[in-house]
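Q: Please give me a close look at one spot in this model, then work outwards from it. Keep it relaxed, but spell out the cut-offs as you go.

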Amino acid sequence: MSNDLAGVWEVALSDGVHRIEFEHGTTTGKRVIYVDGKEILRRDWMFKLVGKETFSVGKSDTKATINIDAVSGFAYEYTLEINGKNLKKYMENRSKVTSTWVLNLDGTDCRVVLEKDTMDVWCNGQNIETAGEFVDDGTETHFTLGDHNCCVKAVSSGKRRDGIIHTLLVDGTEVAECTDTVNNIM
């Protein structure tokens, strides 16, 4: 990495939290994008210093765009969009369509994500095979992590505004849901 680092963001997707770094050489016109430490785009000697760069993030090839705008003189502002929405708006919407739990199983940190619209379950970037069933008070989605039996219970809150409540049980013990955090590091 050079000293042209202009922006760093962390984006939580179903397959994990991805770190996006952007270098912008305002004297050379260089633009470099790194995702999870791997260079995915490089442009040298760009004469136009403002504009946008679009690329993909994660296993689902989520569309990301870095916008480069001049604010005054030789000062620039860098913003990240995910799927056409500014990062904050995207993450607010994402928290409505996913549930995330972080736990430690047998000494290994696990990040379990439920996509509520498809009922897909991800653990540490891997899509997990599940078996769903209807039960008296809702549904249960069963899967295993190592030697542990896991289940996501979906039950109605009884309140239209709150909708369905998703709970993760590991070996019969409830795990507290966490909220994905987004960090615009710079």
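**A lysine and its surroundings**

A: With a relative accessible area of 62%, K88 counts as exposed, where buried means under 20%, exposed over 50% and partly exposed in between (1.4 Å probe, protein chains only). Before going further: this is a predicted model, so local features need pLDDT of at least 70 and side-chain atom pairs count only at pLDDT 80 or more, while totals for chains, interfaces and linings use all residues. Residues are numbered from 1 along each chain as its sequence is written, and side-chain values use heavy atoms, with hydrogens and water left out.

K88 sits in helix α1, which covers residues 87-97. Helices (H or I, at least four residues) and strands (E, at least two) are DSSP runs numbered from the N terminus. The protein chain has one helix and 18 strands in total. Despite a gap of 77 residues along the chain, the C-alpha atoms of K88 and V11 are 10.0 Å apart.

What does K88 pair up with in a salt bridge? The partner is E92, and the closest N and O atoms are 3.8 Å apart; a salt bridge here is a side-chain nitrogen of Lys or Arg within 4 Å of a carboxyl oxygen of Asp or Glu. Because E92 and K88 are four residues apart in helix α1, about one helical turn separates them. E92 is partly exposed, at 39% relative accessible area.

That pair belongs to a set of 11 salt bridges found in the whole structure. In another of them, R19 meets E10 with the closest N and O atoms 3.6 Å apart. Both ends are partly exposed, R19 at 32% relative accessibility and E10 at 22%. Then there's D137 with K153, 4.0 Å from N to O. D137 lies in the loop between β13 (131-135) and β14 (138-145) while K153 is in strand β15 (148-156), so this bridge ties together parts 16 residues apart in sequence. D137 itself is partly exposed, at 45%. Salt bridges with shared partners also link D4, E23 and K30 into one network.

Now back to α1 from the nonpolar side. A nonpolar core is a set of buried Ala, Val, Leu, Ile, Met, Phe, Trp, Tyr and Cys residues joined through side-chain atoms within 4.5 Å. The largest one has 22 residues, and W9, I20, I33, F55, I66 and L80 have the most contacts inside it. Helix α1 is among the elements giving two or more residues to this core, together with β1 (5-13), β2 (16-24), β3 (31-35), β5 (51-57), β6 (62-72) and β7 (75-82). A second core of 16 residues lies apart from it and includes L103, C123, L168 and V175.

I20 is a handy core residue to click on. Leaving out neighbours within four places in sequence, its contacts (heavy atoms within 4.5 Å) include W9, V11, I33, F55, I66 and L80. V11 is the residue whose C-alpha atom is 10.0 Å from that of K88.

How about the cysteines? There are zero disulfides in the structure, a disulfide being a pair of cysteine sulfur atoms within 2.5 Å. C123 is in none, and the nearest cysteine sulfur, in C110, is 4.3 Å away. C123 is buried at 9% relative accessibility. C178 is partly exposed at 27%, and its sulfur is 12 Å from the closest cysteine sulfur, in C123, too far for a bond.

Two backbone oddities are worth a glance. D61, in the loop between β5 and β6, has a positive phi of about 50° although it is not a glycine. D106, in the loop between β9 (98-105) and β10 (108-115), likewise has a positive phi, near 50°. Most residues other than glycine have a negative phi. D61 is exposed at 54%, and D106 is exposed at 63%.

As for confidence, pLDDT is the predictor's score for each residue, from 0 to 100. The chain averages 91, with 95% of residues scoring at least 70. Among its elements, β3 has the highest mean, 97, and strand β18 (residues 183-184) the lowest, 52. Where pLDDT is low, the predicted coordinates should not be read in detail.
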